[in-house]
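User: I'm new to this one and would like to understand how its sheets are put together. Can you walk me through them?

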Amino acid sequence: MMRTGCAASLRLAGRVAVRLCSSNRTKRSSFANSTPRTQAEKQRRKQRREEAILSSPRSAVEDEAVKWSQKERVAYKAQTPYRKNEDTILPFPSSYSPEYVESKWYPWWEKEGFFSPEQHERLSHSVDQTFCMCIPPPNVTGTLHLGHALTVAVEDALVRWKRMQGYKVLWVPGCDHAGIATQTVVERRLLKEEGKCRQDFTREQFLQEVWKWKKEKGEEIYEQLRRLGASLDWSRARFTMDPGFSRSVSEAFVRLCDSGLIYRSEGLVNWSCFLESAISDIEVDTKELSGKTLMSVPGYENKIEFGTMYTFAYPVEGQDREIAVSTTRPETMLGDVAVAVHPDDPRYLAVHGKQCRHPFTDRLLPIITDSVVEMDLGTGAVKVTPAHDHTDFVLSQRNSLPRLMVIGENGTMTRLCGLWLEGVKRFDARQLVVDALVEKKLFRGERSHAMMLPICSRSGDIIEPLLKKQWFVRCDEMAKKAVQAVEDGHLEIIPHFYTKTWKNWLSNISDWCISRQLWWGHQIPAYRVVLANSTDHPENDQWVWGRSKDEARQRAAVKFGANPEDIVLSQDSDVLDTWFSSGLFPFAMLGWPEQTADLQRFYPNSILETGSDLIFFWVARMVMLGTELTGQLPFRQVLFHSLVRDKHGRKMSKSLGNVIDPLDVIDGVSLEKLQEKVKERNVDSRERLFAMEAQRKDLPKGIPQCGTDALRFALCSHKIQGEDISFSASQVLSCRHFCNKMWQTLRFTLKVLAESTTPVGALEETRPVSSMDRWICSKLYSTIVQCEQAFEAYELHTVTSALYTFWVHSLCDVYMEYVKPVVGQTDIEHSDRMRHVASTVLYHCVSVSLTMLSPFMPFITEELWQRLQPFRPRASAQDSLCLQPYPHSSQLAHWHFPEEERDFLLVQEVIRVARSLRAQCGMTKEKPAMWAVCSHHQAQVLLHFQSAVWTLSRISHLHIFCPQRTNSLVSVHNTPPPKGSLIGVVDHTFQLHLHVQSGMNKDKLILQLHQRKEKLIPRLEEVLCRVQSSDYATKVPAHVRQQMDSKMSTIQQELKTIEDQLKLLQDTQTDER
């Protein structure tokens, strides 16, 4: 919508006429006071930002993404129709390939009906609860973008989670008929292929062409949803122009008319002269102009100048003075009906109630007063054009002013302008009006002016506010109920900070224009009534409505007391706003108004998940319409996710050329293909060059094949509640690496299980034996607890982080490295029982983790889980992982060992320091002995995890020395470590010693110690700065102070140790010389 203001005009220059069901603002946007210099500064900032983007260095992760190499693509070779048992016994490829994994599972899921709520009865873990959600229906004309991919990733994760919890789940797919977009696409196709425009067809013929196009192209969007793994119930798919859905739309219109909530009135609308239709706010883009700008406009050969403020004068009738006004749209002055000033403005007190003479029409324009006029803006006097400006329209209502439409539906000047302008295009008329004002010596100049220009997103046309008789929805009372529902807690909005936005917008709502001058869409079920042989209403504007023409005729007969045979009806040729039908989706998809089984079982829906940009256009309308038509809220919760931006934080937009097709991330795409896509889009030449240069810098080899699972996991790894998402292909590539890590984990696990002579034990019967078994089992339990809490709060990033951390850092980096010698050797040290328990624990850790990851990564988890099934302790009740019970912490309560988790934190730090010492000495293969100087309790922990410390630190032996020794630990040595050892600090009470062998490169050690010292000093200064701050003791919690004190002591101890080591090494060098 238009949000720029004239320097001397009450309205926003060229402002969009009616905010279709949007908030009613009487004050101008901040742009009204913006200056060209401010806008020029914005342009300079934008240029500096672009330069920074092109010159910014890449991170290590991004460098890895840039350097990726094409992986081998492995495809299924089975020629038989897909059956899981056949394909999972094929040889297991050595590395992960998304194409291999994702090519076959979805058809099997869909064929078996796993996504239908009817399968609920087959679940052994079913619960008597339902979970229902509708997908925000994408446009039938569109292709999915990353915003859609985020929606699918989040919604499918929730749906799969609930289904695995045993809920009766219904997730309904849908597709919106997208009135303007579809009609535009078909018109362009007909013009290109047949050289015909829409007017060359009858309405019926044109609609047949649209349905023909829909039949050819309409399934593409559904196939893209399948590629994303969306577990939708396709048997219940709804298209908003299907007969059943159309009946719901007619029913809603009729009921709202009967209750007085839909009415016909004259009002201002967003008008596209190119489309010759009103359009909704969401189809209006705004272009920011810093000043005078030449732009291409459909229907004009030459570019048109915008961003210019024109000032002219109106002579005051009967006085030797004038009033100057300013506007960015001088062509509209033919429709001026008044001049407005502020009642307290001393400059105009003498002209209150006077009149001005219009120089071209000779009309007298009253000078009116209104407090909404800003005295300090421009001349303080504004021209009033009610038929072409929303604010002026409101002024005309308050002051009973006429409304003169001087620009027609096709964008030409009307008869009211006079013969000299009639039929002239509106922007051609602009210069003619200025020239005529100059000739009459009333022109007072022009200047550059910053403004926001409203543009039709479908056609590129400049929006024209026009006065039209249309159908409107009365929104005020419905909006109050929507606000109250949130305040009373019946409707929860997540994140909660959107509740303020919700209330503010709905508390200032305008009525909603639902008429669209199109052929494609739901034709309005309202009929103009003409009574045969009647002369009572020569200018008849009487209307009735009905679910059918026959019903409308009966209504007209009752309303006008006439025989049905004497009534002539003509249906309104307009169609309903697409948002009207989509606003009915939560209940119309279930068969409303019929009381179907689905409607009774699944309405209200459980939750609505969508982008935060649709809070007004879709969500608020669904709440208002659902409450009014069904008597119930359409859903209990609304979860908003954030906007997906590019890696540099810019909004992804076709006009910027930085949109990424999710299928390009899934399948991979070359840089050349990416550049071709930018060239094909309608992008400004400067933006195109920048977009292509940014692609060459960020993606010099294009985007690698990452797969659906990696894309979904990457998107869900972002905090979706409130924070915009900066998307980077390197992040998705990292998730693909995680997929390969999972793949290799399964290869190792299957090898261990195949070599085991004892079957895997059941989870509930398995009791971990070793300290490491107990630790990994407890880590798994804690991960499940964390995921349970995060899922309930819809914090999916916490779930993905917990699962990734467990799989990579606990299972792979620690436990699998520890368990390799346990399961791979047959010596006495590793008993058969230990090996059996270890393999069983490994199996369950992998199996449970795959189940928990399944909602986010359905393809790879299904593939790997199926390959584990031959080793399953008991036969599964379900064929597919997607129907398995989701792990619950209560099932693993016997695996909770908090002491092991707490103590192993020390062990991990010991391992880290030990590896660091080995690296400093250049020991890559050697396994040296080390000494630990620690407290009695720390010695107990080391002995408890002794085998893990030896294995993971890659040392041959660990001697433990306690300065304050007790006799309780027989493994503790009486003698301290040898002098001259290299020392690593674990904490301020714990040191590791590695004896430096002769022949070691002491110069290299000294250099490494100096480098370590240089890193530690700034860290210590930072800690001291915090600790020594004046309010540290009063404002910082005790547990945080304790952590900071420990951190400070550890750094100080390590610095002291480094100084001692440096002195020792330097003394040794001196002695050797």
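Analyst: Sure, and keep in mind that this is a predicted model. Let's begin with an open sheet of three strands, ordered 11-10-16, where the pairing is antiparallel.

User: What makes strand 11 and strand 16 edge strands?

Analyst: Strand 11 (322-327) and strand 16 (443-448) each have a single partner strand, so one side of each has no neighbour in the sheet. As for the twist, it averages 20 degrees from one strand to the next.

User: How do you know that strand 10 and strand 11 pair?

Analyst: Count the bridges. Pairing takes at least two bridges between the strands, and strand 10 (residues 308-315) shares six with strand 11, in the antiparallel sense. So the two count as a pair. Want a spot to look at? Find Tyr-310, which sits opposite Thr-327 of strand 11.

User: Which strands make up the parallel sheet, and in what order?

Analyst: That one is also open and has three strands, in the order 19-27-26, with parallel pairing. Its edges are strand 19 (492-494) and strand 26 (605-611), each pairing on one side only. On average, neighbouring strands here are turned by 15 degrees against each other, direction ignored.

User: Why are strand 19 and strand 27 called a pair?

Analyst: Same test: the cut-off is at least two bridges. Strand 19 and strand 27 (residues 635-641) run parallel and are joined by three, so they pass. Ile-493, for example, has Val-638 in strand 27 as its bridge partner.

Terms used. Residues numbered from 1 in each chain as written. Predicted model: local features only at pLDDT ≥ 70, side-chain atom pairs only at ≥ 80, totals over all residues. Heavy atoms only, no water. Helix = DSSP H or I, 4+ residues; strand = E, 2+ residues; numbered from the N terminus. Axes fitted to C-alpha atoms, helices over the stretch in contact; angles between N-to-C directions.
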